[in-house]
Amino acid sequence: MENSENFISNGKYNYRYLRLEALVNAMIPRTPDLAQLYGTNMYYGALDFLTAEYLTMVLNYIKANILETMNWEERLSSSLIRFTMLGYYSEWFGYGTTRLNNPNQRILEFYPLSWEQVDYPGPAFSYISYEKEYNQINKEILNEF
Amino acid sequence: MDADVVIIGAGGGGAVAANELGQKGIKVLVLEAGPWYGNKKWPDPNADHGAVSSSSYEDLSIEILKKNFTDLEDDMNNFEYGKFRWGPANREKPSWPRIQGDRGFSWQNSGVGGSTLHYFANSPRAFPEAVDNVWPISYQELIPYYEKVEAALPVASAPSTPKEDIFYYGAAKAGWELLDSKDVRTPGYRPQPNAILRPNLNGEGTESVNPNLQPVGCTLRGHCVNGCHIGPTVEGVAKRSTLVSYIPRALRTGNVEIRPNAFVIQVLTDADNEGLHAAGVLYRDTWTGEIVEVRAKVVVMSAGGVESPRLWLNSDLPFNEWVGKGLINHWFDCVSGIFDEEVLLDAIGIGEIKPFVGQNAAARFDYPGLGVAETFGFSPGLYSSLLYGTSYKGNSIYNRVTETEPWDVEGLVTGEQLKVFMKDYKRTLSILIFTDDQVNPNNYVTIDPVIKDENGSIPVIKYIPNKIDQEKRNELAYISSDILRKAGAKIVIRSNWPPDIFIHIACTMRMGYVTDTNCEAFQVKRLFIADNSVLFNGLGGPNPTLTTQALAVRTSEKISELYFS
Ligand SMILES: Cc1cc2nc3c(=O)[nH]c(=O)nc-3n(C[C@H](O)[C@H](O)[C@H](O)COP(=O)(O)OP(=O)(O)OC[C@H]3O[C@@H](n4cnc5c(N)ncnc54)[C@H](O)[C@@H]3O)c2cc1C
C-alpha cells in the first residue's frame, strides 16, 4: 500500500489534509499555558508531531479495506479520535524519517517527545523490583481495615 | 483424506482442540488465516509467504519471536496494519472489512494463537450461578475440564505491582471481601487468576537487568497486550497465549500440522445414509489467492465468535435461525481515577501507579449477577485512546455530571484537558467493566447480502444492549468509582464506552441451539465448534477464554469417542 499517497503526491496542503490537521489540532493542541507551568516540552501538540500524517496513512489503509459500497466517512468519525491519540502517544512519531514507510520498513530512530510529556520511559526489560504478593499487601497495607 | 480432523483457526479454542486430538493419536490439520510468529519457516511472516506448513516443534524459534514482537504499540496493535490485526499476514494489504456500529471496533486478530496473542491471559472460571440450571450441561461437569486447562496453561494467582496494590487498598476500604475460591458465588475482589508464568527473578531483577538472562517467568514489564516474548524458548514464554502453550505441545505429538495464511472460505459436506455431514473445507492462500481443497473425517470450527457464523452462512449450510444469533460482548466500560502523589505514598508506600508496570490486568472484582471489574494499564498510546478517546457520550465538556453520579468527568476528553490528564498518566488507575449482558436474538452476526471481500460475503455485527444490561453496567460503574474514591482518587473519569466495542465476542453458535451438548452441529454431523461462539451465555461476566478452552478439551474427547474409537 502506498502510505504517502494523498499528501505527498497531491502536496501537503490539499483540503483533506488541512481538515485532518484541524481535527488533530483540536484534539491535542499546542498548550503555551501548560508550557509555562510545567516546562517547554508541554508546549508541543499534534501539529508538531505530525499526527495528521499518521491519520492520512491510517485512512489510506481503511479506505483500501472498505469496499466502494460502504459508507466509510460515517464509519470513521469516532475511529479518528482513537487513532489521533494512538498516533500521538504511541511510538509512531519516533520512526522519524521512516515514519511513512510500509510498517515492515520502519525503524525507531528516537523516542517521541509525547512520551516525555507523560513521563513514559519506553519499553523496559523488567519491573520485577515492584513485585509484591497479595499476602504481603494484605499485611502491609490492608490490615488496618 | 488429508487428515482425520481439520480445525479452522488456531486461536483460543482451536489450538486446544489440536493438542487434545493430537495427544490421542488423531491426525490433525489446522488451517489458520493469519501469520505464524516465532517459527523458522516464517522468519519474516509479514513480508514473505514463507513455507506452506509446519508440523515440527523444532521449527519454533524464540529468537525469531523476539524479532517479531517489538513491544511497540503502533507496530504491534494498530487496528489497521499492526501485527495483531484482523487481516492477512502481508501488511502491505489492508485489513479484512466488517460492518458494525459506527463508534466501535472488533478487537480480534489473525495468526497462530489468534486473539490470545494480545489477550491479558486472565483465566477465571464462569460464575457457577450463570451455568447451573441455565446451560444444557452443569457447572460440575465443567470442573474437571477447568482443572485440566488450569494445570496445562498453567493458571496462577497474579503478583501485584502498584496499580493492583492501590486497587486492593480501595476495594478493602470500600468493604468488599477478599475471594479465595475459583468458584465465585459472592461479590468480592481477588488477585487475577491468570495464565502468566510466575516471576522467578526473586526481586533481583531491575529495569537494567541483563536481557541475556532469559528468565523463565514474567518480568512484570507490562507488554502482555503487545505480544509477550519473555522466556528461554517459545514454549517457555511467560504469557500463555495458545501460540506458546497449546501449539508447541500439539506439535510435539507429531500428529498436528499447521498451515498459516490459509483462510477457510467454505465447509464442504456430503450426504449419505448418515445424513448430511462435514467432509472437508476449501481454503484460500492469503498470499497467492490459490484455492485448496482439504478432505477430512471431522471438521472443527474455531474461527471465533464472528467468523464461525460467517463461515456457516457463506458455506450455505442448512438454515438454523440461531446461527449468528445471541451475540454477547459484556458491554465494557472504563472508569479511571487520578491520584496525588502524597495520597499514594500514604496508601501504598510509593508515589506512582505506573500503568505500564506489571501484568496488564492483574487484579479483579467479581459480582455474580452484575459482572466484573478489573484493573488495567499499558503504554500511553492505547491507554489514552481507550480512556479518553472512546465514548458514546460525546465530549466530556458538554456532559454535565449530576450530583448523584460519583465521577467527575464523563465522555471523551480532548484538548488541553487531555494533556493535563495524560500528564498524570503515571498516577492514573483504570478499571475495565464487563457487564453480565443477556443473550438476545436481536444481537447477531450475519453476512452482508451484497458486499464481499476475497473471502466471501463480509460479516455484519449488530449489538444493542437492553435496559437490564444498562442497569447492571451502571451499578458496576458506581462500585468502581467508589473503589477509586476510597483508594483516594482526586478525579474520577467515566469513559462510558459504546456498546459496539467487541473484545469478548461470544454465543453466536450456542450449545443447545446450533450444537448439541457435545458441541456437534445438530444439522451437520461431524461438524464441531470449539471457540467462544459455542458458549451458552456470557458466563455472568467473566473473561471467556478459559471456559472455551475447557469446552474444547471436552469436545475433543467427544470427537474421539464418537468417530475415532
Ligand atoms: C485486548 C484484549 C484482551 C483480552 N484479554 C482477555 C483475557 O484476559 N481473558 C480472556 O478470557 N479473554 C480475553 N480477551 C478475549 C480473547 O482474546 C478471546 O476470548 C479468545 O481469543 C477467543 O478465542 P476464540 O477461539 O473464540 O477466537 P480467536 O482467539 O480469535 O481465534 C480464532 C482464530 O481463527 C482464525 N480464523 C478466523 N476465521 C478463519 C477462517 N475462515 N479460516 C481460517 N482461520 C480463521 C483467526 O485468524 C484466529 O486465529 C481479550 C481480548 C482483547 C482484544
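**Figure 1. A loop of chain B carries B:Pro154, between helix H5 (139–152) and strand S4 (156–157).** The model shown here and in the other figures is predicted. The view centres on the bond that leads into B:Pro154 from B:Leu153. That peptide bond is cis. Its omega is near -10°.

**Figure 2. B:Asp71 sits in the loop between helix H2 (62–68) and helix H3 (73–77) of chain B.** The residue to find is B:Asp71, whose phi is near 70°. This is a positive value, and B:Asp71 is a residue other than glycine.

**Figure 3. Helix H6 (residues 162–173) of chain B packs with helix H9 (residues 341–348) of chain B.** Two packed helices are described by the angle between their axes and the distance between the axes. For H6(B) and H9(B), the angle is about 75°. The axes are 10 Å apart. Angles of 65 to 115 degrees count as roughly perpendicular, so H6(B) and H9(B) are roughly perpendicular to each other. From H6(B), the contact takes in B:Pro162, B:Asp165, B:Ile166 and B:Tyr169. They meet B:Leu344, B:Ala347 and B:Ile348 of H9(B). By class, the residues of this contact are six nonpolar, no polar and one charged.

**Figure 4. H6(B) also packs with helix H12 (residues 467–487) of chain B.** Here the angle is about 105°. The axes of H6(B) and H12(B) are 7 Å apart. H6(B) is therefore roughly perpendicular to H12(B). On the H6(B) side, look for B:Ile166, B:Phe167, B:Tyr169, B:Gly170, B:Ala171 and B:Lys173. On the H12(B) side, look for B:Ile483, B:Lys486 and B:Ala487. Six residues of the contact are nonpolar, one is polar and two are charged. B:Ile166 and B:Tyr169 meet residues of H12(B), and B:Ile166 and B:Tyr169 also meet residues of H9(B).

**Figure 5. Domain 1 and domain 2 of chain B meet at an interface.** Domain 1 is built from three stretches, 3–155 + 214–325 + 505–563. Domain 2 covers 332–501. The centres of the two domains are 27 Å apart, taken over C-alpha atoms. In domain 1, 51 residues are in contact with 48 residues of domain 2. The size of an interface is often given as the accessible area lost when the parts come together. Between domain 1 and domain 2 of chain B, the buried area is about 3,900 Å². Carbon and sulfur atoms give 61% of that area.

**Figure 6. UniProt, in an unreviewed entry, places "domain: FAD-binding" at residues 2–33 of chain B.** Over residues 2–33, the chain is 31% helix and 31% strand. The end C-alpha atoms of this span are 18 Å apart.

**Figure 7. UniProt also places "domain: Glucose-methanol-choline oxidoreductase N-terminal" (unreviewed entry) at residues 228–330 of chain B.** This span is 17% helix and 36% strand. Its end C-alpha atoms are 25 Å apart.

**Figure 8. For "domain: Glucose-methanol-choline oxidoreductase C-terminal" (unreviewed entry), the UniProt record gives residues 502–552 of chain B.** Helix makes up 16% of residues 502–552 and strand 8%. The end C-alpha atoms lie 22 Å apart.

Conventions:
Residues are numbered from 1 along each chain as its sequence is written. Chains are lettered from A and ligands numbered from 1 in the order in which they are written. This is a predicted model: local features need pLDDT of at least 70, side-chain atom pairs count only at pLDDT 80 or more; totals for chains, interfaces and linings use all residues. Side-chain values use heavy atoms; hydrogens and water are left out. UniProt positions are given in the numbering used here, feature names are shortened, and annotations may be inferred rather than shown by experiment. Helices (H or I, at least four residues) and strands (E, at least two) are DSSP runs, numbered from the N terminus. Axes are lines fitted to C-alpha atoms, for helices over the stretch in contact, and angles run from 0 to 180 degrees between N-to-C directions. Angles under 35 degrees count as roughly parallel, over 145 as roughly antiparallel, 65 to 115 as roughly perpendicular and the rest as oblique. Contact means heavy atoms within 4.5 Å. Ala, Val, Leu, Ile, Met, Phe, Trp, Tyr, Cys and Pro count as nonpolar, Asp, Glu, Lys and Arg as charged, and the others, Gly among them, as polar. Domain bounds come from an automatic or database domain assignment. Buried area is the accessible area (1.4 Å probe) that two parts lose on being put together, summed over both.
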